[in-house]
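Visitor: I would like to go through this model term by term. Please set each value against its cut-off.

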Amino acid sequence: MTADVWKHFTKGVVQDDGSYDAVCNYCGVVYTMGNQKGTGSLRHHYTKGCKNRPNKRSKPDKLQQMLQTGPAAGENKFAVWSFDQAICRKNLAIMVIVHEYPFNIVTHYYFRVFLKSLQPQFKLISRNTLRSDCISLYEQERKSLYEEFGKLECKVSFSSDLWTNHLGDRGFMALTAHYIDDSWRIRKMIVNFTPLPSPHTEKNIVEALYSMLVMWNLDKRVFSLVLYNASSNDACIRELLNGQLKEDLSVDGSVFHQRCGCHILNLVVQDGLSVLHDEIKKVRETMKYLRHSQAKMERFQLAASQVKVPNKKPAWDVPTRWNSTYLMLELALQLRPAIQRYATLDKHYTLKPDDREWQAVQTLMDSLKIFYTATLKFSGTKYPTLNLYFSEFCEVYVSIKNMESSPYSFIVLMGSKMFAKWERYWTCGNTLLAIACVLDPRCKLTVVEYYFKLIYPTNYEWYMSNLNACINALFKEYLEAYSTSLQSQVDSSSRTQSHRNQTSGASSSDTISNIRAGLKSFMAEKQTTEPVKSKLEQYLSEPLDKTALEAQFDILAWWKLKVPKFPVLSGLARDILAVPASTVASESTFSTSGRTLSPVRNSLNDESIEALICTQDWLRVKVTENGEEIGSPLWASAEVTSDDTICGS
């Protein structure tokens with residue numbers, strides 16, 4: 001018998017007849033052994049009979065050592081691991097949510113085989129149980145986010161969009177919260193994805209929007225709302241300003257409504273692109289023609305190799321998104337030699353643009369470069385974008401005006417069409433953009449005044465006066481709120497100290513505490529009676545920060561360091577810089593081809609859709625904050641046209 005078995009027993013005194021007792025060290029069972037008896041009974045007890053033996057192999061929660069790899073070389077270490085059914089089920093739910101796998105994946109035969117091969121102890125669950133696990137995870141994450149909102153010391157801005165499924169028979173409203181947390185990191189969270197029944201009137205939209213804000217207890221802390229340009233959205237803003245949110249908005253709601261910058265650019269450029277409709281259509285049809293069959297693609301690849309053009313596949317645009325058209329034209333110009341060579345290999349190809357049309361496309365691309373750059377900046381989610389909005393839009397204005405002096409007649413016509421659209425939207429709500437620019441230490445009032453002189457050369461003083469009045473009103477409002485908060489803290493401290501004095505009697509230390517509390521109260525009162533523009537004027541009078549001119553300037557880190565110096569102004573900057581420049585970042589969360597619900601999600605009920613979409617966004621934020629890559633969801637690789645079209649953001 002092996003030594004491991006004998007360690008399990010204690011051998012008693014040997015009797016005269018040669019027999020002895022073997023006592024189990026863990027359960028106390030006694031076996032009488034003798035010269036004629038083997039040790040098989042002891043071995044059986046050791047392997048199967050003893051219920052108290054530690055590290056028994058049949059036990060499901062056996063501890064096991066595993067090698068953990070650290071982020072740096074040489075950081076490998078051994079760690080103890082034990083199987084946990086609950087953790088495995090939670091990770092399975094996370095995988096299904098983030099990558100958009102269907103619930104019935106747990107019924108797939110080889111998926112079950114795969115799980116069993118990884119961990120035989122894992123108990124497979126049904127699709128209904130998996131759905132319940134996903135809903136439960138949504139409730140946990142939602143509770144955590146609700147508590148985070150309750151602890152925030154800032155206001156929250158929102159962006160909203162209307163969505164449909166791929167069939168167009170179900171409508172949804174998406175609400176995304178934008179804020180800068182207490183660590184001064186910009187955050188974007190999809191808080192609701194609620195079904196919105198037809199008709200999508202302003203009354204139905206306002207009711208749905210306000211109920212979402214109340215649900216999260218944020219209806220008293222709204223700073224701004226970003227919407228794409230539509231008449232129904234304008235009516236919603238008027239309804240909210242005159243209704244539920246009227247008493248709680250900053251400066252009477254004058255900075256509440258912000259229009260989507262990317263949508264404005266899309267409308268402006270689309271009007272301009274109509275001038276070259278025929279040329280763009282010819283390029284688009286060429287791209288589709290080349291991808292029409294495998295034979296055409298093979299012939300095109302042959303042509304590309306002959307003229308030494310990079311092996312890129314032709315792709316066409318989504319016409320409703322101008323930057324998608326821009327990417328298509330950019331690709332077409334790169335493939336121009338191959339397309340011209342292909343025309344000599346295929347006698348049926350009759351869509352070939354001539355040299356004049358290629359030159360027109362090249363000139364168009366040169367004119368639209370600045371629009372494309374602005375769109376990319378406005379679509380960012382990992383950095384503040386509103387402070388970039390004003391200067392970028394002003395540069396767009398200058399570019400449009402320069403089109404009027406172009407030697408190309410079609411560019412002149414484009415400029416006139418684009419300017420009419422630009423002027424219509426620029427006059428609406430540009431105050432908040434200018435304030436955000438002022439709160440950028442690289443710009444302040446200097447940059448705003450420069451661009452106002454370019455845009456309004458005859459009456460720029462009037463616009464500067466309005467801007468100064470709005471900034472001062474905002475600062476005064478935040479200063480009063482800050483003083484009230486400081487006074488309440490002093491009063492609370494005084495009440496606590498007074499209670500201590502009553503219960504234990506006053507002492508010298510108590511007297512000193514009362515004096516210090518009085519000093520805080522005096523300072524708060526003094527701060528309230530001082531000129532409300534003192535800190536604001538101090539910030540504006542300081543020269544532009546030279547260190548802020550670096551290419552990788554972090555404006556949030558700059559303001560975080562300035563909190564002790566500008567406690568009120570930094571709070572204002574925190575709320576304003578959290579406002580997004582567009583709603584495009586919300587759109588890209590759901591689909592690469594527009595505000596459309598994927599087919600995988602469309603088959604679910606409303607509760608499941610909201611739980612999956614919101615939880616997916618919250619979980620993705622956690623992963624990306626750690627610098628990890630998640631990968632595309634299931635539907636992104638399954639769309640029929642995803643490899644053929646260029647989908648701009």
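Guide: Helices (H or I, at least four residues) and strands (E, at least two) are DSSP runs, numbered from the N terminus. Just after H10, lysine 308 has a positive phi of about 60°. The model is predicted: local features need pLDDT of at least 70, side-chain atom pairs count only at pLDDT 80 or more, and totals for chains, interfaces and linings use all residues. Numbering starts from 1 along each chain as its sequence is written, and side-chain values use heavy atoms, with hydrogens and water left out.

Visitor: How do you know that the span of H10 agrees with 1.5 Å a residue?
Guide: The expected span is 1.5 Å times one less than the number of residues. For the 13 residues of H10 (residues 294–306) that gives 18 Å; the end C-alpha atoms are 19 Å apart, so the two agree.

Visitor: Which residues of H10 are buried?
Guide: Lys296, Met297, Phe300, Ala303 and Ala304. Seen down the axis, they fall within an arc of 120°, so they line one face of the helix. The arc is taken from the directions from the helix axis to the C-beta atoms.

Visitor: Why is methionine 414 called buried?
Guide: Buried means under 20% relative accessible area, exposed over 50%, partly exposed in between (1.4 Å probe, protein chains only). Methionine 414 has 0%, so it is buried. This residue lies in helix H15 (residues 409–426).

Visitor: What makes tyrosine 110 exposed?
Guide: Its relative accessible area is 65%, so tyrosine 110 counts as exposed. Tyrosine 110 sits in helix H4 (residues 109–118).
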